[in-house]
Amino acid sequence: MILKKIEELKTFLEKPRSIVIVGHRNPDGDAMGSTLALKHYLTKKGHNATVVVPNEYPEFLHWLPGSDGTYRFDWQNSQSQKAINNSDIIFLLDFNALHRVGSDMQHTLEKYPNDFAMIDHHQQPDGVKYMFSDVEICSTSQMVYQFIEMNTDLDLIDADIATCIYTGIMTDTGSFRFRSTTSTTHRIIADLIDKGAQNDRIHNNVYDSNSYNRLLLLGQALSNLQILPTYKTAYITLTDEEKKRFDFQKGDTEGIVNYALSLKGIIFAAIFIEDLEQGIIKISFRSKGNFSVNQFSRNHFEGGGHDNAAGGKSNVSLAESVTKFTALVATYKSELETSYEE
(Lines give C-alpha, C1' and ligand atoms only; values in the text may rest on other atoms or scores of the structure.)
Protein backbone atom coordinates (compact mmCIF):
# COMPACT_ATOMS: atom_id res chain seq x y z
CA MET A 1 0.00 0.00 0.00
CA ILE A 2 1.14 3.55 -0.78
CA LEU A 3 -0.35 6.38 1.26
CA LYS A 4 1.28 9.59 0.12
CA LYS A 5 0.42 12.90 1.82
CA ILE A 6 -3.13 11.75 2.56
CA GLU A 7 -3.28 13.83 5.74
CA GLU A 8 -2.19 16.86 3.73
CA LEU A 9 -4.92 16.09 1.21
CA LYS A 10 -7.49 15.96 4.00
CA THR A 11 -6.38 19.41 5.11
CA PHE A 12 -6.58 20.71 1.53
CA LEU A 13 -10.15 19.44 1.27
CA GLU A 14 -11.27 21.17 4.46
CA LYS A 15 -12.19 24.21 2.32
CA PRO A 16 -14.66 24.08 -0.60
CA ARG A 17 -12.77 23.32 -3.82
CA SER A 18 -13.50 22.93 -7.51
CA ILE A 19 -12.57 19.34 -8.28
CA VAL A 20 -12.40 17.29 -11.44
CA ILE A 21 -12.46 13.49 -11.21
CA VAL A 22 -11.03 11.58 -14.17
CA GLY A 23 -11.42 7.92 -15.13
CA HIS A 24 -9.46 6.00 -17.76
CA ARG A 25 -10.19 5.68 -21.48
CA ASN A 26 -12.95 3.18 -22.33
CA PRO A 27 -14.38 3.41 -18.80
CA ASP A 28 -15.65 0.19 -17.25
CA GLY A 29 -17.85 -0.45 -14.24
CA ASP A 30 -15.11 0.24 -11.72
CA ALA A 31 -14.04 3.47 -13.41
CA MET A 32 -17.59 4.80 -13.54
CA GLY A 33 -18.59 3.47 -10.13
CA SER A 34 -15.56 4.93 -8.37
CA THR A 35 -15.61 8.34 -10.09
CA LEU A 36 -19.33 8.87 -9.57
CA ALA A 37 -19.18 7.68 -5.95
CA LEU A 38 -16.35 10.11 -5.21
CA LYS A 39 -18.26 12.92 -6.97
CA HIS A 40 -21.33 12.35 -4.80
CA TYR A 41 -19.21 12.20 -1.64
CA LEU A 42 -17.22 15.36 -2.39
CA THR A 43 -20.41 17.20 -3.33
CA LYS A 44 -21.89 16.30 0.06
CA LYS A 45 -18.72 17.72 1.62
CA GLY A 46 -19.40 21.07 -0.04
CA HIS A 47 -17.10 20.84 -3.05
CA ASN A 48 -17.94 21.51 -6.70
CA ALA A 49 -17.08 18.12 -8.22
CA THR A 50 -17.25 17.11 -11.89
CA VAL A 51 -16.53 13.76 -13.52
CA VAL A 52 -14.71 13.89 -16.88
CA VAL A 53 -14.06 10.68 -18.80
CA PRO A 54 -12.03 10.42 -22.00
CA ASN A 55 -14.73 8.78 -24.14
CA GLU A 56 -18.00 6.90 -24.16
CA TYR A 57 -18.76 4.15 -21.66
CA PRO A 58 -21.14 1.18 -22.01
CA GLU A 59 -24.87 1.75 -22.17
CA PHE A 60 -25.39 -0.65 -19.25
CA LEU A 61 -23.67 1.89 -16.98
CA HIS A 62 -25.66 4.97 -18.04
CA TRP A 63 -28.25 4.35 -15.32
CA LEU A 64 -25.73 5.00 -12.52
CA PRO A 65 -26.68 7.92 -10.26
CA GLY A 66 -25.01 11.10 -11.54
CA SER A 67 -24.11 9.61 -14.92
CA ASP A 68 -26.09 12.27 -16.79
CA GLY A 69 -23.80 14.98 -15.39
CA THR A 70 -20.59 13.36 -16.65
CA TYR A 71 -18.54 15.09 -19.36
CA ARG A 72 -16.96 13.17 -22.21
CA PHE A 73 -13.65 14.73 -23.23
CA ASP A 74 -13.90 13.57 -26.84
CA TRP A 75 -17.46 14.78 -27.34
CA GLN A 76 -17.88 17.66 -24.85
CA ASN A 77 -14.38 19.01 -25.18
CA SER A 78 -15.08 22.67 -24.38
CA GLN A 79 -17.04 21.80 -21.22
CA SER A 80 -14.35 19.33 -20.19
CA GLN A 81 -11.52 21.78 -20.79
CA LYS A 82 -13.36 24.48 -18.84
CA ALA A 83 -13.93 22.17 -15.87
CA ILE A 84 -10.27 21.11 -15.88
CA ASN A 85 -8.94 24.66 -16.23
CA ASN A 86 -11.16 25.94 -13.39
CA SER A 87 -10.34 23.11 -10.98
CA ASP A 88 -8.15 23.31 -7.89
CA ILE A 89 -7.16 19.63 -8.02
CA ILE A 90 -7.75 16.60 -10.23
CA PHE A 91 -8.44 13.12 -8.87
CA LEU A 92 -7.20 10.28 -11.07
CA LEU A 93 -9.22 7.13 -10.44
CA ASP A 94 -8.74 3.55 -11.61
CA PHE A 95 -5.61 4.13 -13.69
CA ASN A 96 -1.93 4.40 -12.88
CA ALA A 97 -0.46 6.55 -15.66
CA LEU A 98 -1.65 9.53 -17.71
CA HIS A 99 -1.34 7.71 -21.02
CA ARG A 100 -4.32 5.58 -19.95
CA VAL A 101 -6.66 8.48 -20.79
CA GLY A 102 -5.64 8.61 -24.46
CA SER A 103 -3.27 11.00 -26.19
CA ASP A 104 -5.60 14.03 -26.55
CA MET A 105 -6.65 14.14 -22.91
CA GLN A 106 -3.14 13.18 -21.81
CA HIS A 107 -1.70 16.32 -23.44
CA THR A 108 -4.26 18.45 -21.58
CA LEU A 109 -3.52 16.83 -18.23
CA GLU A 110 0.23 17.13 -18.72
CA LYS A 111 -0.19 20.91 -18.93
CA TYR A 112 -2.32 21.07 -15.79
CA PRO A 113 -0.66 23.48 -13.31
CA ASN A 114 -2.21 22.19 -10.09
CA ASP A 115 -1.85 18.91 -8.22
CA PHE A 116 -3.16 15.41 -8.86
CA ALA A 117 -4.52 12.92 -6.34
CA MET A 118 -4.54 9.27 -7.38
CA ILE A 119 -6.75 6.51 -6.03
CA ASP A 120 -5.93 3.29 -7.85
CA HIS A 121 -5.17 -0.42 -7.49
CA HIS A 122 -2.98 -1.07 -10.54
CA GLN A 123 0.70 -1.89 -10.37
CA GLN A 124 3.55 0.60 -10.89
CA PRO A 125 1.69 3.91 -10.51
CA ASP A 126 3.12 7.17 -11.81
CA GLY A 127 4.24 9.65 -9.21
CA VAL A 128 1.71 12.33 -8.20
CA LYS A 129 1.54 14.57 -5.13
CA TYR A 130 -1.26 12.71 -3.33
CA MET A 131 -1.68 8.97 -3.64
CA PHE A 132 -3.69 6.09 -2.24
CA SER A 133 -2.47 3.00 -4.10
CA ASP A 134 -2.94 -0.64 -3.16
CA VAL A 135 -2.63 -3.49 -5.66
CA GLU A 136 -4.10 -5.94 -3.14
CA ILE A 137 -7.52 -4.25 -3.14
CA CYS A 138 -10.00 -5.72 -5.60
CA SER A 139 -11.30 -2.48 -7.08
CA THR A 140 -10.87 1.28 -7.04
CA SER A 141 -14.48 1.53 -5.92
CA GLN A 142 -13.61 -0.34 -2.72
CA MET A 143 -10.72 2.09 -2.28
CA VAL A 144 -13.15 5.02 -2.55
CA TYR A 145 -15.15 3.45 0.29
CA GLN A 146 -11.95 3.14 2.32
CA PHE A 147 -10.94 6.71 1.44
CA ILE A 148 -14.28 7.88 2.81
CA GLU A 149 -13.63 5.72 5.86
CA MET A 150 -10.20 7.33 6.32
CA ASN A 151 -12.02 10.64 6.53
CA THR A 152 -14.40 9.19 9.17
CA ASP A 153 -17.31 9.98 6.84
CA LEU A 154 -18.98 6.59 6.39
CA ASP A 155 -22.17 8.16 7.72
CA LEU A 156 -22.27 10.28 4.54
CA ILE A 157 -22.66 7.23 2.30
CA ASP A 158 -26.20 7.32 0.99
CA ALA A 159 -28.02 5.08 -1.49
CA ASP A 160 -26.48 6.81 -4.52
CA ILE A 161 -22.90 6.48 -3.26
CA ALA A 162 -23.54 2.91 -2.11
CA THR A 163 -24.97 1.99 -5.51
CA CYS A 164 -21.97 3.38 -7.40
CA ILE A 165 -19.44 1.66 -5.13
CA TYR A 166 -21.32 -1.65 -5.21
CA THR A 167 -21.43 -1.55 -9.01
CA GLY A 168 -17.70 -0.92 -9.27
CA ILE A 169 -16.81 -3.72 -6.87
CA MET A 170 -19.23 -6.18 -8.46
CA THR A 171 -17.96 -5.63 -12.00
CA ASP A 172 -14.25 -5.63 -11.13
CA THR A 173 -14.48 -8.83 -9.12
CA GLY A 174 -16.53 -10.79 -11.65
CA SER A 175 -19.51 -10.71 -9.29
CA PHE A 176 -17.26 -11.37 -6.27
CA ARG A 177 -15.64 -14.55 -7.61
CA PHE A 178 -12.06 -13.38 -8.22
CA ARG A 179 -9.29 -14.15 -5.72
CA SER A 180 -8.96 -10.44 -4.88
CA THR A 181 -12.42 -10.56 -3.25
CA THR A 182 -11.61 -10.69 0.46
CA SER A 183 -13.63 -10.89 3.65
CA THR A 184 -13.13 -7.12 3.91
CA THR A 185 -14.79 -6.74 0.52
CA HIS A 186 -17.81 -8.73 1.68
CA ARG A 187 -18.10 -6.69 4.89
CA ILE A 188 -18.05 -3.51 2.80
CA ILE A 189 -20.68 -4.96 0.46
CA ALA A 190 -22.89 -5.74 3.47
CA ASP A 191 -22.59 -2.15 4.66
CA LEU A 192 -23.41 -0.84 1.17
CA ILE A 193 -26.59 -2.94 1.09
CA ASP A 194 -27.50 -1.60 4.52
CA LYS A 195 -26.98 1.93 3.17
CA GLY A 196 -29.33 1.43 0.23
CA ALA A 197 -27.55 -0.46 -2.58
CA GLN A 198 -30.14 -2.78 -4.14
CA ASN A 199 -28.02 -5.73 -5.19
CA ASP A 200 -30.66 -7.39 -7.38
CA ARG A 201 -31.43 -4.17 -9.26
CA ILE A 202 -27.75 -3.40 -9.79
CA HIS A 203 -27.03 -6.90 -11.12
CA ASN A 204 -30.02 -6.78 -13.46
CA ASN A 205 -29.07 -3.34 -14.82
CA VAL A 206 -25.51 -4.42 -15.57
CA TYR A 207 -25.82 -8.06 -16.63
CA ASP A 208 -29.43 -8.58 -17.69
CA SER A 209 -29.86 -5.73 -20.16
CA ASN A 210 -28.29 -7.29 -23.25
CA SER A 211 -29.41 -6.33 -26.73
CA TYR A 212 -30.29 -9.06 -29.22
CA ASN A 213 -27.26 -8.12 -31.33
CA ARG A 214 -24.91 -8.37 -28.34
CA LEU A 215 -25.98 -11.96 -27.76
CA LEU A 216 -25.44 -12.72 -31.44
CA LEU A 217 -21.97 -11.14 -31.21
CA LEU A 218 -21.26 -13.34 -28.19
CA GLY A 219 -22.30 -16.35 -30.23
CA GLN A 220 -19.90 -15.32 -33.00
CA ALA A 221 -17.09 -14.84 -30.48
CA LEU A 222 -17.67 -18.29 -28.98
CA SER A 223 -17.67 -19.86 -32.43
CA ASN A 224 -14.23 -18.31 -32.94
CA LEU A 225 -12.89 -19.84 -29.71
CA GLN A 226 -9.62 -21.73 -30.06
CA ILE A 227 -7.96 -23.99 -27.47
CA LEU A 228 -4.26 -24.72 -26.98
CA PRO A 229 -4.59 -27.67 -24.57
CA THR A 230 -0.85 -28.30 -24.32
CA TYR A 231 -0.47 -24.86 -22.76
CA LYS A 232 -3.80 -24.74 -20.86
CA THR A 233 -4.65 -21.68 -22.95
CA ALA A 234 -7.68 -20.53 -24.94
CA TYR A 235 -8.27 -17.45 -27.04
CA ILE A 236 -11.06 -15.71 -28.93
CA THR A 237 -10.89 -13.43 -31.95
CA LEU A 238 -13.33 -10.84 -33.29
CA THR A 239 -12.82 -9.03 -36.56
CA ASP A 240 -14.04 -5.53 -37.30
CA GLU A 241 -16.39 -6.97 -39.92
CA GLU A 242 -17.92 -9.32 -37.35
CA LYS A 243 -18.45 -6.43 -34.97
CA LYS A 244 -20.19 -4.37 -37.66
CA ARG A 245 -22.36 -7.32 -38.68
CA PHE A 246 -23.87 -7.36 -35.20
CA ASP A 247 -24.08 -3.58 -34.76
CA PHE A 248 -21.31 -3.44 -32.14
CA GLN A 249 -21.82 -0.91 -29.35
CA LYS A 250 -19.42 0.20 -26.62
CA GLY A 251 -19.27 -2.48 -23.92
CA ASP A 252 -20.59 -5.33 -26.07
CA THR A 253 -17.34 -7.33 -25.71
CA GLU A 254 -17.14 -6.77 -21.95
CA GLY A 255 -16.56 -10.06 -20.15
CA ILE A 256 -16.42 -12.29 -23.23
CA VAL A 257 -12.83 -13.32 -22.43
CA ASN A 258 -14.10 -14.93 -19.22
CA TYR A 259 -15.95 -17.55 -21.25
CA ALA A 260 -12.59 -18.79 -22.54
CA LEU A 261 -11.22 -18.87 -18.99
CA SER A 262 -14.26 -20.83 -17.80
CA LEU A 263 -13.24 -23.90 -19.79
CA LYS A 264 -12.14 -26.85 -17.69
CA GLY A 265 -8.35 -27.11 -17.58
CA ILE A 266 -7.77 -23.59 -18.97
CA ILE A 267 -5.73 -21.18 -16.85
CA PHE A 268 -4.79 -18.54 -19.45
CA ALA A 269 -7.30 -16.82 -21.76
CA ALA A 270 -7.20 -13.95 -24.23
CA ILE A 271 -9.49 -12.12 -26.62
CA PHE A 272 -8.19 -10.26 -29.68
CA ILE A 273 -10.53 -7.56 -31.00
CA GLU A 274 -9.80 -5.81 -34.28
CA ASP A 275 -10.21 -2.02 -34.11
CA LEU A 276 -9.66 -0.55 -37.56
CA GLU A 277 -10.60 2.95 -36.38
CA GLN A 278 -7.61 3.07 -34.01
CA GLY A 279 -5.49 0.81 -36.20
CA ILE A 280 -4.79 -1.65 -33.40
CA ILE A 281 -5.81 -5.01 -32.03
CA LYS A 282 -7.25 -4.63 -28.53
CA ILE A 283 -6.40 -7.50 -26.23
CA SER A 284 -7.74 -8.63 -22.87
CA PHE A 285 -5.96 -11.30 -20.82
CA ARG A 286 -7.26 -13.36 -17.91
CA SER A 287 -5.60 -16.07 -15.84
CA LYS A 288 -6.02 -18.35 -12.84
CA GLY A 289 -3.41 -19.05 -10.21
CA ASN A 290 -0.05 -17.32 -10.14
CA PHE A 291 0.53 -16.82 -13.88
CA SER A 292 0.79 -13.03 -14.17
CA VAL A 293 -0.97 -11.68 -17.23
CA ASN A 294 0.08 -8.24 -16.04
CA GLN A 295 3.72 -9.13 -16.60
CA PHE A 296 2.95 -11.04 -19.80
CA SER A 297 1.13 -8.03 -21.25
CA ARG A 298 3.82 -5.56 -20.14
CA ASN A 299 6.54 -7.70 -21.68
CA HIS A 300 4.89 -8.38 -25.03
CA PHE A 301 1.78 -6.28 -25.74
CA GLU A 302 2.36 -2.73 -24.40
CA GLY A 303 -0.13 -3.20 -21.61
CA GLY A 304 -0.56 -4.21 -18.01
CA GLY A 305 -3.08 -4.35 -15.21
CA HIS A 306 -3.39 -7.00 -12.52
CA ASP A 307 -1.83 -10.41 -12.06
CA ASN A 308 -5.00 -12.20 -13.20
CA ALA A 309 -6.58 -9.54 -15.41
CA ALA A 310 -4.79 -7.25 -17.82
CA GLY A 311 -5.09 -5.52 -21.16
CA GLY A 312 -2.79 -4.81 -24.05
CA LYS A 313 -2.64 -3.96 -27.72
CA SER A 314 -0.94 -5.00 -30.92
CA ASN A 315 -0.03 -2.83 -33.89
CA VAL A 316 0.08 -5.64 -36.44
CA SER A 317 -2.81 -7.49 -38.07
CA LEU A 318 -5.19 -9.77 -36.19
CA ALA A 319 -3.64 -12.87 -37.74
CA GLU A 320 -0.11 -11.71 -36.97
CA SER A 321 -1.10 -10.84 -33.39
CA VAL A 322 -2.52 -14.32 -32.83
CA THR A 323 0.56 -15.93 -34.37
CA LYS A 324 2.78 -13.90 -32.04
CA PHE A 325 0.63 -14.85 -29.06
CA THR A 326 0.63 -18.59 -29.77
CA ALA A 327 4.40 -18.59 -30.27
CA LEU A 328 4.89 -16.74 -26.97
CA VAL A 329 2.59 -19.08 -25.07
CA ALA A 330 4.81 -22.00 -26.02
CA THR A 331 7.75 -20.33 -24.30
CA TYR A 332 5.73 -20.08 -21.06
CA LYS A 333 4.79 -23.77 -20.98
CA SER A 334 6.48 -24.56 -17.66
CA GLU A 335 4.97 -21.52 -15.91
CA LEU A 336 1.53 -22.37 -17.22
CA GLU A 337 1.79 -26.01 -16.17
CA THR A 338 2.60 -25.06 -12.58
CA SER A 339 0.41 -21.94 -12.27
CA TYR A 340 -2.74 -23.49 -10.97
CA GLU A 341 -3.54 -26.65 -9.07
CA GLU A 342 -7.02 -27.92 -9.78
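## A guided tour, from one loop outward

Start by selecting Lys232, in the loop between β8 (226-228) and β9. You are looking at a predicted model. Check the backbone at this stop: Lys232 has a positive phi of about 55°, yet it is not a glycine. Is Lys232 buried, exposed or partly exposed? Lys232 is partly exposed, because its relative accessible area of 24% falls between the limits of 20% and 50%.

**Step into strand β9**

Now select Tyr235, in strand β9 (residues 233-238). Add Phe325, which sits in helix α13 (residues 318-331). These two residues form a pair that links distant parts of the chain, 90 residues apart. The ring centres of Tyr235 and Phe325 are 6.0 Å apart. Their planes meet at 75°, so the pair is edge-to-face; the cut-off for that label is over 60 degrees. Turn on the surface and look for both residues. Tyr235 has a relative accessible area of 11%, under the 20% limit, so it counts as buried. Phe325 is buried too, at 0% relative accessibility.

Next, select Phe268 and Phe296. Phe268 is in strand β10 (residues 268-275), and Phe296 is in helix α12 (residues 293-300). This pair also links distant parts of the chain, with the two positions 28 residues apart. How far apart are the ring centres of Phe268 and Phe296? They are 5.1 Å apart. The planes stand at 80°, so this pair is edge-to-face. Both residues are buried.

**Light up the cluster**

Keep those four residues and widen the selection. Add Phe272, Phe285, Phe291, Phe301 and Tyr332: together with Tyr235, Phe268, Phe296 and Phe325, they form one aromatic cluster. How many aromatic pairs does the structure hold? It holds 18.

Two lysines are worth adding here. Select Lys324 and look toward Phe301. The charged end of Lys324 sits over the ring of Phe301, 4.6 Å from its centre. Then select Lys243 with Phe248. Lys243 lies over the face of Phe248, at 4.9 Å from the ring centre.

**Zoom out to the domains**

Colour the chain in two parts. Domain 1 covers 2-207 and domain 2 covers 212-339. Their centres, taken over C-alpha atoms, are separated by 27 Å. Now show the contacts: 17 residues of domain 1 touch 13 residues of domain 2. How much area do domain 1 and domain 2 bury between them? The figure is about 1100 Å², with 42% of it on carbon and sulfur atoms.

Two spans from the record can be selected as well. An unreviewed UniProt entry lists residues 245-329 as "domain: DHHA1". That span is 31% helix and 28% strand, and its end C-alpha atoms lie 31 Å apart. The unreviewed entry also lists residues 18-169 as "domain: DDH". Here the end C-alpha atoms lie 27 Å apart, and the span is 36% helix and 18% strand.

**Four stops in domain 1**

Select Thr50, in strand β3 (residues 48-53). Thr50 is buried, with a relative accessible area of 15%. Which residues does Thr50 contact, leaving aside neighbours within four places in sequence? They are Ile19, Val20, Ile21, Tyr71 and Ala83.

Move on to Gly102, in the loop between β5 (89-93) and α4 (103-110). At 14% relative accessibility, Gly102 counts as buried. Add Ala117 and draw a distance. Gly102 and Ala117 are 15 residues apart in sequence, and their C-alpha atoms are 19 Å apart in space.

Then pick Thr152, in the loop between α5 (140-150) and α6 (159-172). Thr152 has a positive phi of about 50°, although it is not a glycine. Is Thr152 buried or exposed? Thr152 is exposed, because its relative accessible area of 65% is over the 50% limit.

Finish on helix α6 with Ile169. Ile169 is buried, with a relative accessible area of 0%. Show its surroundings. Beyond residues up to four places away in sequence, Ile169 touches several residues, among them Cys138, Phe176, Ile188 and Leu192. For a last distance, add Gln220. Ile169 and Gln220 are 51 residues apart in sequence and 29 Å apart in space, C-alpha to C-alpha.

Technical notes. Residues numbered from 1 in each chain as written. Predicted model: local features only at pLDDT ≥ 70, side-chain atom pairs only at ≥ 80, totals over all residues. Heavy atoms only, no water. Phe/Tyr/Trp six-rings, centres within 6.5 Å; stacked < 30°, edge-to-face > 60°. Helix = DSSP H or I, 4+ residues; strand = E, 2+ residues; numbered from the N terminus. Buried < 20%, exposed > 50% of the residue type's maximum accessible area, 1.4 Å probe, protein only. Lys NZ or Arg CZ within 6 Å of the ring centre and 35° of its normal. UniProt positions renumbered as here; feature names shortened; annotations may be inferred. Domains from an automatic or database assignment. Contact = heavy atoms within 4.5 Å. Buried area = accessible area lost by both parts, 1.4 Å probe.
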